[in-house]
Amino acid sequence: MRTAIISDIHGNVEALTTVLADIDSRKVDRVICLGDILGYGPDPVDCVELVAQRCEWSLLGNHDYGALYEPTNFNAAAEQAAYWTRDQFKREQDDDEAERRWEFLGTLRVRSTFDSFLCVHGSPRRPINEYIFPEDAINSPVKMSQIFELVDRHCFVGHTHVPGVFTNEPDFYPPTDLGGVYQFNDEERVIINPGSVGQPRDLDPRASYAIHDETANAVEFHRLEYDVESVVQKIYAIPELNNWLGDRLLEGR
Ligand code: ZN
């Protein structure tokens with residue numbers, strides 16, 4: 001069984017369609033999504049539609065929660081983007097399709113599992129909102145050990161938009177340090193972040209996702225170029241979306 005894990009799409013349909021096409025070329029059996037389908041980006045409705053069609057299931061991210069219910073702990077640009085995002089669904093409410101997409105958002109879970117993997121958007125102890133940053137492996141050993149206490153073996157998280165593997169050492173390995181593949185071993189418990197499809201923050205603007213291969217007992221990390229410039233132009237053209245949300249896509253931060 002090969003499972004593609006996507007996360008943090010953030011309304012970027014150009015990045016999402018590029019990732020889904022790549023997934024289709026790699027003999028994948030199913031796709032799962034760790035949340036933040038929308039927020040920040042110019043095409044939230046199309047992204048929800050594609051996730052509903054293509055993913056076996058999706059989790060609820062903090063931005064999905066923000067648009068559906070209430071944006072909490074967001075900066076001004078993110079809060080304004082959340083209200084604009086909600087309006088995109090409401091504007092189409094007379095149409096059954098849009099209502100169906102909005103209802104799909106309301107069914108998203110905060111945690112799920114597949115094989116030996118616990119899956120959450122943020123962290124096992126605060127599934128929607130807690131960040132597990134690469135620097136926590138060095139600076140916050142107590143936080144990391146408390147989080148690893150909640151991980152039997154393996155866990156997938158999103159939320160930071162930074163791909164890589166945390167071990168219970170604790171340590172953090174970006175995909176470049178792993179040659180793009182993490183090989184599981186019996187000694188390590190791990191938390192794996194596939195990175196962000198639609199808004200990478202590791203200074204590499206390319207879309208990021210991962211594939212778990214059960215037979216190889218490994219996770220592959222993938223990066224893909226897509227038409228970033230056209231997404232940036234769409235963001236610039238929408239007054240409610242701060243231009244900074246476009247600028248950061250160009251830099252991957
Ligand atoms: Zn996110």
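**Zinc site and nonpolar cores**

Biologist: Which residues are the protein donors of the zinc ion?

Modeller: In this predicted model, the zinc ion has Asp8 (OD), His10 (NE2), Asp36 (OD) and His161 (NE2) as its protein donors, and they lie 2.0 to 2.3 Å from the ion.

Biologist: And how are those donor residues spaced in sequence?

Modeller: The spacing reads D-x1-H-x25-D-x124-H. Asp8 and Asp36 link distant parts of the chain, being 28 residues apart, with Asp8 in the loop between β1 (2–6) and α1 and Asp36 in the loop between β2 (30–33) and α2 (44–54).

Biologist: Are Asp8 and Asp36 buried or exposed?

Modeller: Asp8 counts as buried because its relative accessibility is 0%, and Asp36 counts as buried because its relative accessibility is 1%.

Biologist: What angles do the 4 donor atoms make?

Modeller: The angles among the 4 donor atoms run from 86 to 177°, and the site of the zinc ion is irregular.

Biologist: Changing topic, which residues touch the most other members of the largest nonpolar core?

Modeller: Those are Ile6, Leu16 and Leu105, in a core of 47 residues. Helix α1 (residues 13–24) contributes the largest share of this core, with 6 residues.

Biologist: What is Leu105 in contact with, leaving aside its neighbours within four places in sequence?

Modeller: Leu105 is then in contact with Ile37, Leu38, Val48, Leu60, Leu68 and Phe89.

Biologist: How many residues are in the second core?

Modeller: That separate core has 17 residues, among them Phe117, Val165, Ile192 and Val219.

Key
Residues numbered from 1 in each chain as written. Predicted model: local features only at pLDDT ≥ 70, side-chain atom pairs only at ≥ 80, totals over all residues. Heavy atoms only, no water. Core = buried A, V, L, I, M, F, W, Y, C linked by side-chain atoms within 4.5 Å. Buried < 20%, exposed > 50% of the residue type's maximum accessible area, 1.4 Å probe, protein only. Helix = DSSP H or I, 4+ residues; strand = E, 2+ residues; numbered from the N terminus. Contact = heavy atoms within 4.5 Å. Donors = N, O, S within 2.8 Å, 3.2 Å for Na, K, Ca; no water. Tetrahedral: all angles 85-135°; square planar, octahedral: opposite > 155°, others 65-115°.
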